[in-house]
Every structure is written in structure tokens, then in C-alpha cells.
Amino acid sequence: MIFQDYENEEHFDEMFDDEGVCREHYQQFKSALDQFSKKKLQQLQETTDKAQIAMGMTFNVYHDNKGVEKILPLDILPRIISKSDWVTIENGLQQRIEALNLFLQDIYNDQKILKDKVVPKDLILSSKDYLEPCIGLTPPKGIWCHISGSDIVRDKEGTFMVLEDNLRCPSGVSYLLENREIIKRAFPRLFESIGVQPVSDYAGSLLRMLRYLSDKDQPTVAVLTPGMYNSAYFEHSYLAQQMGVQLVSGMDLIVENNKVYMQTTKGLQQVDVLYRRIDDTFMDPLTFNPKSMLGVPGIFEAYKAGNVAIANAPGTGIADDKAVYAYVPRIIKYYLDQDPIISNVPTYLCSEEKDRKYVLDNIEELVVKETNAAGGYGMLIGPKATKEEHAKFRKLVSDNPRNYIAQPTLSLSTVPTISKSGISPRHVDLRPYILYGNDIKVIPGALTRVALKKGSLVVNSSQGGGSKDTWVLYD
Amino acid sequence: MLSRVAESLFWLGRYTERADNYARFTDVNFNLSLDLPPGMKEQWEPLIAATGDWDDFTKRHKDFTRESAINFLAFDTENPNSIINSIKQARENARVVRENLSKEMWEVLNDLYHYINTAAKKKIWRKEDPSDFFRHVKESIQLLNGLTYDTAPRTEGYYFTRLGQFLERADKTSRILDVKYHVLLPSVEDVGSPLDFLHWTALLKSVSAFNAYRRNYGTIMPSNVVEYLVLDSKFPRSILFSLSNAEECLHEISDSRGRSGFSNRIEKLIGNLRSDLEFAEVSDVINFGLHEYMDNLQQKINTLSEAIFEQYFKVKPNYVLEEQSQ
């Protein structure tokens, strides 16, 4: 009875309900796990850690001079999602991405939503993610956000809510895929009998989507990476390898006559589709940041001329600005005339006076986020922060309100996780991945990020979080 | 194939081969020292001199002790050619082109990298007998070579890796022979003595040639050893064999296999060098001076490397200086 000491405090637990009764979709898992001893589980966990190092599944941590490479710890106990919950998530994300894509097309072209004052004009035009060079552009097939990964959490009642939309090169999908390989080996029989939807087709779907963006029969696709010192380099290399396409860096590419070429041992070879993992403004020093050495001079002109497709399209970042996030429910209503299937977390916009006053008065209770930062950087968790930090963020917010939003501190749901004392509840979020090509497809699985420290709510890999395999059941 | 990727694969081949050779000759010198007559000091200086890093060594070490030499050759992170640095570089090169390697190849190399780092932390060079370490390095690289041979498709990338490997091997075999030039015998009379014999044997063993050599020649004769390691066309670690194979790789890369002559400057250079060796007599080598001959060869291999860079790896810089972009 490995779960007998498991205490799921006052949060929503994915496995046990408030009475401590195992939820239905976890029952088969529970009876299988009850056969394991604590020691056996610890051993499996150790083997998993070693497997990750041997596979070189490492990422680089910024601001950390000691070890350049780290692994993202993988907790062996999977997070299981029932079929019915998954259908909600799938529909909700499809709806959201469809609306955000229409929003992007609109704000770079007719700007109807701004003219109708559904979203304040200033909010968009003042954002540094709104890229003027993209005005008047329609990307190939009208798709802006080809690859996205929204972060979803569950509140106390177990309701799913979108916490963030990640529309600019979200990372982590390689962990989703590799985690599955490792966990399958850790629980082979259980995995087989429980009926888990496969995720292995991701690379194939990604490649089909990228090829769809070109009108050529056999387009040349490549993954563009900032290089091996980027924190997600492992993933760039992994995806290129899984798709069987070239992994290129800026220095491998050259633009001639508005066409993009790779420099090969046999001369120049044209590239038709780029899955870029470089930020918008680093892509082309001629159009954007002149100091960027990572990008390719002239690539934006080639893109404008229709000679290369870029995923995600330049300019997409504006749609995951955290201030725009607050308007997503209204954006869905505006373009699709539907109510959002998955709601937002209540959000205070510091740019609006009433909200700002509330934030400044209640900063101890709130989570304050920078509107265009990612990876858990530039963030304040009010209840866990010191007085000095509160004061610092009050000043930051007052000086630059447009750059901050605030949300109530959420009680993220918990999942049983291996800990020193056996199995304990740890907070998780959920990042499913969505591909937008000829249709909008949500991969039946997700990266579950877990805060491995007791009580911690920060799940970011750069801040000491780990991950879990996520099992979406057939029924 | 991308020029950058080709270059990384080339260096992957060179660095793993370098680490393998360093492990080989360090280990053999260590074993040799066990066979020395009492009172004879073990000689580490010749080895350091032959690697070409004598200046670097003497900057940081007073004496050529076993500990300092093994540390320098295997674990010194400031020595760019040490085993630890070669494997680190090989792994970095593999990491940037990982999508071009089989999973197994990457895992063996990655594993070796972690193994060497652990050994460095344990200060293996202080151990009385560090030969397990060198054996593991050699075996891992042999495993890697075997995996490459058995799993890598025979496309450009494979030939760039092998090209790097064979050029490096030609260079290193020439340096191993050069060790003998730097080794000091106690007196002139010792030429041809059991001690001298021991040295030549150690040299053959370091390139796994001892048995093959004996089948060919029977007894140990310096001129025969030189002939075997420089001019033999069948032994896979001889200089001629290495250069012939490097030449074949180049023809595969330029799609000119089976044709005589050359299709670019590199092929002309290597064809020239290979035929020089092919038609040379061992007396030519010895009369020219073994050390001088090896020195000359090493320079020609460097010229070749530069020509390969010019032809295949050099990319046009695509960035524009800031002043121009404004």
C-alpha cells in the first residue's frame, strides 16, 4: 500500500479526491503501483536519472556558471488525464489558437478589432512585440502560429484554465517525446494494459505541417537554431534529427536574389521552409536588431517576397504578450462568436489605473509577471517574496505599468511524485503542443512540469522544476 | 552536406583518433617503464617532445615525472591536445551535428566524456597503475569506430569523419616514431642492446603492430620497424595506409572514385604525398633522417588540412558590419 501515507492537503489532486478516494482513471495505475515497494520505485527513479545523462538529454542554464549542462529531472510517476478531460483541453486549445491566428492576421492588416475597440489600440501598438515590418503581410496559407504550447493549470475545484499562451517557439516537446520513451521502459506492462494514446507521430506531423507551407512538391525544410549554447539546443538538434532535416545556424545561410540558401560542401542549396528557434528580432539584422549575429541578413525580404516560409511567422510574439492574454476571451468571442471552452486566470493589467492600484495595494497576495518575459524570469510570487522584493516590484510596476500584469496566486493541482519520504503531492502544470497546418492538431500528450520542492509553485526548468510523462487515455 | 556540419564531422574523426593515440602511447610508455632494468629512469620527456607540446609542458612543470606527464597528456585542461580536451572537443563537435550520428555513436562518446571527467576528479594520474583508464579510453574509441563502421551510411559525412581520422592517424604514427628519435640511450654502445630492443618493441605495441610485424619480419630490426610503420601498404596504422585511405575518402567526397589523377588541389597534394611514400625505400627515409622525414610529413599533412578547409569548410560570412547596415 504505497499510497497509504499520501496526503493531498487542500489542493486539487489529480489522483485522489477530497475524501482520499482514487479517481477512476487512476485506478488501474494505482493497483499496479501497489505491487511496487518504495525501494523498487527509488531504484527505477535512479535508473531514469542515469538514462537521461547517458542520452545527453541536457539543457543549458543561463545565469549559472557552474555546470553548463543540466538534465531536466524526470519524475517516473506519470500524470494521467482521462479521455473526457482531454476532449475539453483539445477543443479549448483548437478554439483558442484559431482565434489567435485570426487576431494576428487582423492586427497586421485591417485592424478591425482595434477599430471596434475590443482590444485597446495603444496596448497593441505600444508593444515591442508588434513588428511594424510585418504590417500588410499575410504569411503562406494565412497561418501565423504554426507551433504553440499553452500552459494550463487546474484550480481548487479542478477546473482547467489557460495560464499563458506560448506562441514564439515554445520549447519542451523533445522532453515530452523522450520522457515517453524512458517511462515506457520503466513500466512496460502497465503501459501496455492501461491504453495510452501515442505521441510518437509528433515529428511526422511537424514535418507534414512545415512542408504544407510551401507550394513545392519536395520543399527543403530546415531547423534554424541560435547554436549549441542556447538552452534548448538539445531540442533543436533532436527535432531536426527526428524529421530528417538539416539543422542550420545563421552562419550556414546566405540570402541571394531574395532567396535563402544553405552553404554546403557542394555549393548553395535553396531552403524553402524554416522552423526557426530564434527570436523575431534576432532573425534579420537588416530589418530588426542590427547587432544580431545569430540571424541571416536579408531573410526578411526573402520572406516578404514569398521565397521562404518561416514558422512561426515573424510578428507572432504579440499574441502571447501577457497583457494581450487578458483579452483572449474577448478575442475568441469577437472572431468566432463563441464562449471560451477553457477560461483564463483572472488578470490585472497594470496599464489600467484601477487594476494598477489594486496590484500596488495587494502585491503581497499576487503573482506579478513581466508582459514579455518567459521561463519564469522577471516574476514575483507575492506570498513567497520578501518585503524588499515587494517594494522593488511596486517601483517596477509604477515606473513601467505597460510591462506588468498580475494574477491571484493560484493553487496548482498536485500529482503523486517520488520524494525522499516515498510518494508526496507536488504541484504541476500542463503544456500541450498544438500544430497549425492544414488543420489544428493537439498532440495527445503534454509536458507536465512539476515543482519538485515541497510546496513550491514554480515549475520552470530554469528554476529547479522537473517533468513528468503525461498519459492521455483512450477511454 | 552543410559545410559547418562537414567540418564538425571531420574534427570528430580527428579528435577521437587523437585521444586514442594519446591513450596508446601513454599506456605503452607506462608499461615500458615497468620493464626497465633497475637504476634506469623512466623517460617521459621523449613522449612530450614527440607530441610537439614540450614548450607548453615545461612552462607548467619542472620535471618530467610519470605523474606530471600522465596528468599533462591525459587530464590537463590547459593542454589543448590532452585526452580530456580531445574528447571534450570530439563531443562538442558531435553535439552540434548530433542529428547526423546514430544514437549509439552519440551515447558511446557521451559516456566516454563523463567517464574521463570522473577519472579526472578521482586524480587517476596519482594511481600506481592507471592502465585501466587508458584501456577504457581505447576500448570506447574502438567501439565508436566499430559503430561508425557498422551504422553510418556511406555518404559524405562518413567520409569526412574517416578523412579526419586517417589524417590524424598518419600524423600520430609519425610522432610515435619520432619518440624513438628523442629517447636517449645511456651510451652509443646501447644501440642494438636489449634496452634498444625494448624500445622498438614498445613502439610497435603502441600501434598494436607487434604481432603483425613479427609475422612479416620475425626479428626486431630498427629499419624494418620504420619500414613497417611508414611504408607498409597493408597495415592499417602505417602512414602509407592512412594516407591512401584518406585519399580514397577525398575521392568519395568529390565523386571521383575510380578515376586516376585528381579533381582538385587537395587530391593533387595527397596523391603526390601518397605516391612519394609508395615508391620510397626505407633507406631513403633513414638517409634523409628519421626525425627530419617525419617532420616533413607532418608539415605536408598540415598543408593538406588547410587545403581541405579552403575547399570544403570555409563559408562566406553573411553578416554585415553595423556601419554598413545603417
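## Two interfaces to work through

In this predicted model, about 1800 Å² is buried between domain 1 of chain A and domain 2 of chain A, and carbon and sulfur atoms give 64% of that area.

**Exercise 1.** Describe how domain 1 of chain A meets domain 2 of chain A.

*Solution.* Start with the contacts: 22 residues of domain 1 touch 19 residues of domain 2. The C-alpha centres of these two domains of chain A are 30 Å apart.

Next, look for charge pairing. There is one salt bridge between the two domains. A:Lys441 and A:Asp201 come together at 3.9 Å, N to O, which counts as a salt bridge because the cut-off is 4 Å. Five residue pairs are in polar contact between the domains.

Now find the elements. On the domain 1 side, strand E1 (58-60), helix H6 (173-186) and strand E21 (433-436) of chain A each give two or more residues. H6(A) gives the most, with five residues. Sorted by class, this side has twelve nonpolar, eight polar and two charged residues.

**Exercise 2.** Now do the same for chain B against chain A.

*Solution.* Here 30 residues of chain B contact 37 residues of chain A. The buried area is about 2900 Å², with 49% from carbon and sulfur atoms.

Two salt bridges link the chains. One salt bridge joins the side chains of A:Lys266 and B:Glu156 (3.9 Å, N to O). Twelve residue pairs are in polar contact between the chains.

Among the elements of chain B giving two or more residues to this side are helix H1 (3-35) and helix H6 (103-121). H6(B) provides the largest share, five residues. By class, the chain B side holds twelve nonpolar, six polar and twelve charged residues.

Methods. Residues numbered from 1 in each chain as written. Chains lettered and ligands numbered in written order. Predicted model: local features only at pLDDT ≥ 70, side-chain atom pairs only at ≥ 80, totals over all residues. Heavy atoms only, no water. Contact = heavy atoms within 4.5 Å. Buried area = accessible area lost by both parts, 1.4 Å probe. Polar contact = N/O pair within 3.5 Å; in protein donor to acceptor, adjacent residues only side chain to side chain. Helix = DSSP H or I, 4+ residues; strand = E, 2+ residues; numbered from the N terminus. Nonpolar A, V, L, I, M, F, W, Y, C, P; charged D, E, K, R; others polar. Domains from an automatic or database assignment.
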